[in-house]
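Subject: Structure for you to look at

Dear colleague,

I am passing on the structure below, together with my notes on what turned up in it. Please read the notes with the coordinates open beside you.

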Amino acid sequence: MTHRTATLIGLTAILMWSLLSVMTVATGKIPAFQLAAMTFAIGGLVGLLTWIGRGDAAKSLRQPPVVWIVGVGGLFGYHALYFLALRFAPPAEAGLLNYMWPLLIVLFSSFLPGERLAVHHIIGAVLGLVGTVLLFAGNTSGFAPGAVPGLIAAFIAAFVWAIYSVLSRRLKAVPTDAVAGFCLATSALAALMHGLLETSVWPDTALQWLAVVGLGIGPVGAAFYAWDIGMKRGDIRVLGAASYATPLLSTGFLIAAGFAKASANIALAAILIAGGGLIAAKDMVLRKR
């Protein structure tokens, strides 16, 4: 697999994650950890199905403890912290703090062997951050002291996902098949948290069940496998900067579905985020012949 192909595969994860909000709304009122347990179980099954006909794929689960700590810690740790943030803090403020992770990925990538952080990577990531701030502008309403734990959780979640993503590059020898095991372990931990903190609510309609299955197959399934490939074999700096397209595309899908309204802020954010992504991907777009 070429560097360019792996980067393009990683970009599909960003597209799938942009569907997360609208598909989550379509699932109804399922509690957060219950939904995580259900969808990560489906996501793990998606990975297991790809093992059919490959008898040696199961060997990918035989990994040192540090690999499992990074994999499960990244997937479960990030989502647990983000759910905690949404429980205690206003969604807009929590979202802004959480979306520091694309910039952190770009910055942390400079510590990887063989990676060079150029000025255009930083400019692209910063433009994406500015665009994301504009995207949330007007939706913030201040926060009460009780929201501080949630805001701290959102801040830490950004670091957890950035560190998981960058460490995936350091664990390049670990096959992507292992992500299936990480998803199943995350599902089990989410089910445990659900049992301790939540009351079960099951989908009422066929559409809600389809939304749950769709989440498990795409944003909470295939997206993590695609991201793993991109982080391990693609351009991690381009993927980090391009990740700012997630909240923008997510807002676009919410508008299309009638859950949000278009505005001048969204249009300007689109220009900044798209421009930032193109600047960061300059080396890939303008390839030397």
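The notes that follow go through the core, the charged pairs, one glutamine and a surface patch.

Please keep in mind throughout that this is a predicted model, and that the values below are computed from it.

I begin with the interior. The largest nonpolar core has 64 residues, and those with the most contacts inside it are Trp17, Leu75, Trp101, Trp161, Phe224 and Trp227; helix H4 contributes the most to this core, with 10 residues. Trp227 is a convenient place from which to explore the region, since, with its neighbours within four places in sequence left aside, Trp227 is in contact with Gly10, Ala13, Ile14, Trp17, Trp101, Ile105, Trp161, Ser165, Leu239 and Ser243. Another core, of eight residues, lies apart from the largest one and includes Val22, Met23, Leu35 and Leu215.

Next come the charged pairs. A search of the whole structure gives three salt bridges, and I take them in turn.

In one of the three, the side chains of Asp177 and Arg54 meet, with 2.9 Å from N to O. This pair links distant parts of the chain, 123 residues apart: Asp177 sits in the loop between helix H8 (148–170) and helix H9 (178–197), whereas Arg54 sits in the loop between helix H3 (32–49) and helix H4 (65–88). The two partners fall in separate accessibility classes, for Asp177 has a relative accessibility of 17% and therefore counts as buried, under the cut-off of 20%, while Arg54, with a relative accessible area of 33%, is partly exposed.

A further salt bridge joins the side chains of Lys232 and Asp228, at 3.1 Å from N to O. Both residues of this pair, Lys232 and Asp228, belong to helix H10 (residues 206–233), where they are four residues apart, or about one turn of the helix, and both Lys232 and Asp228 are buried.

The remaining salt bridge is formed by the side chains of Arg237 and Asp235, again with 3.1 Å from N to O. Arg237 has a relative accessible area of 12% and is buried, and Asp235, at 7% relative accessibility, likewise counts as buried.

Helix H10 also holds Gln208, which counts as buried at 16% relative accessibility. Although Gln208 and Ala26 are 182 residues apart along the chain, their C-alpha atoms are separated by 5.9 Å. If neighbours within four places in sequence are left aside, the contacts of Gln208 are with Ala26, Thr27, Gly28 and Pro203. In addition, a polar atom of the Gln208 side chain lies 2.6 Å from the backbone nitrogen of Asp204.

Finally, I turn to the surface. Leu107, Ile122, Val126 and Val130 form a nonpolar patch there, with about 260 Å² of accessible area together, and helix H7 (residues 119–136) supplies the largest share of this patch, three residues. Val130 is found in helix H7, and with a relative accessible area of 39% Val130 is partly exposed. For context, nonpolar side chains in soluble globular proteins tend to be buried together.

With best wishes

Methods. Residues are numbered from 1 along each chain as its sequence is written. This is a predicted model: local features need pLDDT of at least 70, side-chain atom pairs count only at pLDDT 80 or more; totals for chains, interfaces and linings use all residues. Side-chain values use heavy atoms; hydrogens and water are left out. Patches are made of residues with over 30% relative accessible area and no salt bridge: like charges are joined within 9 Å, nonpolar side chains (Val, Leu, Ile, Met, Phe, Trp, Tyr) within 5 Å. Accessible areas come from the Shrake-Rupley method with a 1.4 Å probe; for residues, only the protein chains shown count as cover. A salt bridge is a side-chain nitrogen of Lys or Arg within 4 Å of a carboxyl oxygen of Asp or Glu. Helices (H or I, at least four residues) and strands (E, at least two) are DSSP runs, numbered from the N terminus. Buried means under 20% relative accessible area, exposed over 50%, partly exposed in between (1.4 Å probe, protein chains only). A nonpolar core is a set of buried Ala, Val, Leu, Ile, Met, Phe, Trp, Tyr and Cys residues joined through side-chain atoms within 4.5 Å. Contact means heavy atoms within 4.5 Å. A polar contact is a pair of N or O atoms within 3.5 Å; within protein, one must be able to donate a hydrogen and the other to accept it, and residues adjacent in sequence count only if both atoms are side-chain atoms.
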